[in-house]
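Colleague: I would like a close look at a single part of this model, explained slowly enough that a first-year student could follow each step. Please stay with that part, and bring in the rest of the chain where it helps.

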Amino acid sequence: MAVDVVCAGDSITGWNNFGPVEFWPYPTYPGFLQKMCRPLDLTVADGGIAGEVSDNGPGHVDRYLDLFPNARYFIIGFGTNDLGTWPDLQSTSRRIIQNLDAMVRAVADRGAQAMLFDVPYANESMFPSHVAEDTHRRRDYHNRRLGEYCRENDVALADIRARLRDEHLGDELHPNAEGAKIIAAEVFAVLSRVHGEA
């Protein structure tokens, strides 16, 4: 089966390193996106890997480009784990965006189109207030920079952060089924526009 849309990212995208689908903790957006893409006759592949950081993203995207040489669109979302791993916010955000830029360029070099989505807020109800505030601040800083990068480089961006609330997360970080549907809807809106312009 030919694949048209490849979703690459961390556990916001998929749990593919954690065994069969029935053992994944929560459904992820590519499954819902596939249902939305049926009227466009687009087939979606879920390339999400739980726990991944953006440093590994370029290698994954290169492999997906080889595995799915006819794919037209790549939906890329990294950064959640980076922001939780490295304490220096400015350099971490810069590194995430540099890695995303490498992925975007690799996709463009193969004649396909990349789309990004931003880093969603954590489930702030599950953290002490000072931790929740710091986590919120870090995401706001990074997502502003990511938005600037996308505007300056004409890269399509789905703003999932603005749509997700605490009740859309199943634990501290991961969207529940409702959250995954919201992400899929935001991604689909951007994908539909880009597909219509192609």
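Modeller: What follows is a walk along one helix, then to its surroundings, its charged side chains and the loop after it.

The part I have chosen is helix 5, residues 129–153, and please keep in mind throughout that the model is predicted. Helix 5 has 25 residues, and from its first C-alpha to its last it reaches 36 Å, which is close to the 36 Å expected at 1.5 Å a residue.

Which residues of helix 5 are buried? They are Ala132, Thr135, Arg138, Arg139, Asp140, His142, Asn143, Leu146, Gly147, Tyr149 and Cys150. It is worth noticing that Arg138, Arg139 and Asp140 appear in this buried set, and Arg138 will be taken up again below. The buried residues of helix 5 pack against several other elements, namely helix 3 (80–85), helix 4 (89–109), strand 4 (113–117) and strand 5 (156–158).

Let us now look at Arg138, which has its place in helix 5. Arg138 is buried and yet has no salt bridge. The cut-off matters for this step: a salt bridge requires a side-chain nitrogen of Lys or Arg within 4 Å of a carboxyl oxygen of Asp or Glu, whereas the nearest side chain of opposite charge to Arg138, that of Asp134, is 4.6 Å away. If residues up to four places away in sequence are not counted, Arg138 touches Leu83, Trp86, Pro87 and Leu89. Of these contacts, Pro87 is found in the loop between helix 3 and helix 4. Pro87 is exposed, with a relative accessible area of 72%, so the buried Arg138 has an exposed residue among those it touches. To give a sense of distance across the model, the C-alpha atoms of Pro87 and Leu191 are separated by 33 Å, while the two residues are 104 residues apart along the chain.

Asp134 does take part in a salt bridge, and its partner is Arg137, with 2.5 Å from N to O. Both Arg137 and Asp134 lie in helix 5, three residues apart, which is about one turn of the helix. As for their surroundings, Arg137 counts as partly exposed at 44% relative accessibility, and Asp134 is also partly exposed, with a relative accessible area of 32%. As a general point, side chains of opposite charge can pair when their charged atoms come close.

Asp140, one of the buried residues of helix 5, leads us away from the helix. Salt bridges that share partners join Asp118, Asp140, Asp159 and Arg161 into one network. Within this network, Arg161 forms a salt bridge with Asp118, and the closest N and O atoms are 3.7 Å apart. This pair links distant parts of the chain, for Arg161 is in the loop between strand 5 and helix 6 (177–197), Asp118 is in the loop between strand 4 and helix 5, and the two are 43 residues apart. Arg161 is buried, and Asp118 is buried as well.

For comparison, consider Arg163, which forms a salt bridge with Glu186, the closest N and O atoms being 2.5 Å apart. Here too distant parts of the chain are linked, since Arg163 is in the loop between strand 5 and helix 6, Glu186 is in helix 6, and their positions lie 23 residues apart in the numbering. Arg163 is partly exposed, with a relative accessible area of 39%. In total, the structure holds nine salt bridges.

Finally, we come to the residue just after helix 5, Asp154, which takes a positive phi of about 55 degrees. Asp154 has its place in the loop between helix 5 and strand 5, and at 71% relative accessibility Asp154 counts as exposed. A positive phi also occurs at Asp41, where the angle is about 60 degrees although Asp41 is not a glycine. Asp41 lies in the loop between helix 1 and strand 2, and Asp41 is exposed, with a relative accessible area of 65%.

Note on methods
Residues numbered from 1 in each chain as written. Predicted model: local features only at pLDDT ≥ 70, side-chain atom pairs only at ≥ 80, totals over all residues. Heavy atoms only, no water. Helix = DSSP H or I, 4+ residues; strand = E, 2+ residues; numbered from the N terminus. Expected span 1.5 Å × (residues − 1). Buried < 20%, exposed > 50% of the residue type's maximum accessible area, 1.4 Å probe, protein only. Contact = heavy atoms within 4.5 Å. Lys, Arg positive; Asp, Glu negative; His and termini not counted.
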